[in-house]
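Me: Please take a close look at one part of this structure, namely the way in which its strands are joined into sheets. Please also explain what lies against them.

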Amino acid sequence: MKVLANDGISKSGITALENAGFEVSTTTVAQNQLVDYINKNEITVLLVRSATKVRTDIIDGCSSLKIIGRGGVGMDNIDVQYAKDKGLHVINTPAASSGSVAELVFAHLYGGVRSLYDANRNMPLEGDSKFKSLKKAYAGGIELRGKTLGIIGIGRIGQAVAKIAIGIGMKVVAFDPFIEEVAIDLDFFDGQKTTFTIKTITKEEVLKTADFITLHVPAQKEYVIGKKELALMKSEAGIINAARGGVIDEVALVDALNDDKIAFAGLDTFEEEPTPAIQVLMNQKISLSPHIGAATKEAQDRIGLELASQIITLLN
């Protein structure tokens, strides 16, 4: 049986599949050529990440397919229910990348409170000629310790973010329409363990009380954060989106930053990918990364092995 990992898969995942008798291809096939390629090569398993879209044309047009797999959490690029109705297995790896995304959130947060996103732009240009003035400009940093982090969406990734926040001495408040209370288990290097209980509050309360906001929600039909929500936030607050593009109204976000209604933003996902809006990319108050939340070696190994395990179980 043949597996096409169209958006790539880790070597550990390939090895596990090959050891189980599968033939694995990591050829990247253009979206409009996928149906022909799958049929010509009799592909049984199609694995994707966020780049490849698996819509009804592929599901209907590829009779050899038995499994569609998403290396990651969200499956908004797959017509999941339609595929299941057609008898296909649809799998993903909901827990494999949580820690990696959470760490990226804090990379943006730490960079934000110390203005590193802007300093890293200006030091190469003016570091040799305006060192003292740059030092003065970036001397107003603040600490995360003792501040309140608001988490919108307290699922697996939101909980991983909460663990780091608690560990560095932050207070955590959370909103989630599907969760009333969650237990956050902290495991320490020496074997000690402790548990924190977080009871969710309203989104409005989170926006008003938090010093920083981070989003961990699936793709939505409407904005989760728009002009109204940004207006509720503290003027010195920062907001991070490492979830999905389109959950923040980027026009309203840029306006809020330019009007000093909030202090900074960190974006790993964008409304228009892979061509984010220029006004977002050029804004000096936005910390930027190109949708790399799950892109660590460790997470990719976990994703590959988890996908391989599910495929082997389903087909062998």
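Reply: Two strands are said to pair if DSSP finds at least two bridges between them. The strands themselves, like the helices, are DSSP runs numbered from the N terminus: E with at least two residues for a strand, H or I with at least four for a helix. The model is a predicted one, in which local features need pLDDT of at least 70 and side-chain atom pairs count only at pLDDT 80 or more, while totals for chains, interfaces and linings use all residues. Residues are numbered from 1 along each chain as its sequence is written, and side-chain values use heavy atoms, with hydrogens and water left out.

Consider the sheet of six strands. This sheet is open, its strands are arranged in the order 7-6-10-11-12-13, and their pairing is parallel. Strand 7 (171-175) and strand 13 (286-288) occupy the edges; each has a single partner strand, so one side of each is left without a neighbour in the sheet. From one strand to the next, the twist averages 15°; angles here run from 0 to 180 degrees between the N-to-C directions of axes, which are lines fitted to C-alpha atoms, for helices over the stretch in contact.

How many bridges join strand 6 to strand 7? Strand 6 (residues 148-152) runs parallel to strand 7, and five bridges hold the two together. Within this pairing, G150 stands opposite V173 of strand 7.

Two helices can be placed against this sheet, where contact means heavy atoms within 4.5 Å. Helix 8 (residues 156-167) lies across strand 6, strand 7 and strand 10 (212-215), and its direction makes an angle of about 175° with strand 6. Helix 11 (residues 250-258) lies across strand 11 (238-241), strand 12 (264-267) and strand 13, at about 145° to strand 12.

There is also an open sheet of five strands, with parallel pairing and the order 2-1-3-4-5. Its edge strands are strand 2 (23-25) and strand 5 (89-92), each of which pairs on one side only. The twist in this sheet averages 20° from one strand to the next. Strand 4 (residues 67-70) pairs with strand 5 over four bridges, in the parallel sense. One residue here is I67, whose bridge partner in strand 5 is H89.

Helix 13 lies across strand 3, strand 4 and strand 5, running at about 155° to strand 5. The same helix leads to an enclosed space. A cavity is a set of points, on a 1 Å grid over the protein atoms alone, where a 1.4 Å probe fits but cannot get out; its lining residues have an atom within 4 Å of a point. The structure holds one cavity of 30 Å³ or more. The largest cavity has a volume of about 60 Å³, a volume being the space filled by probe spheres set on grid points joined across faces, edges and corners.

Which elements each supply at least two residues of this lining? They are strand 3 (43-48) and helix 13 (297-315), and helix 13 gives the largest share, four residues. Among the lining residues are G8, I9, S10, L47, V48, Q300 and L307. The lining divides into five nonpolar residues, five polar and one charged; Ala, Val, Leu, Ile, Met, Phe, Trp, Tyr, Cys and Pro count as nonpolar, Asp, Glu, Lys and Arg as charged, and the others, Gly among them, as polar.

Conventions
On a 1 Å grid over the protein atoms alone, a cavity is a set of points where a 1.4 Å probe fits but cannot get out, and a pocket is an open set with protein on both sides within 12 Å along at least five of seven lines; lining residues have an atom within 4 Å of a point.
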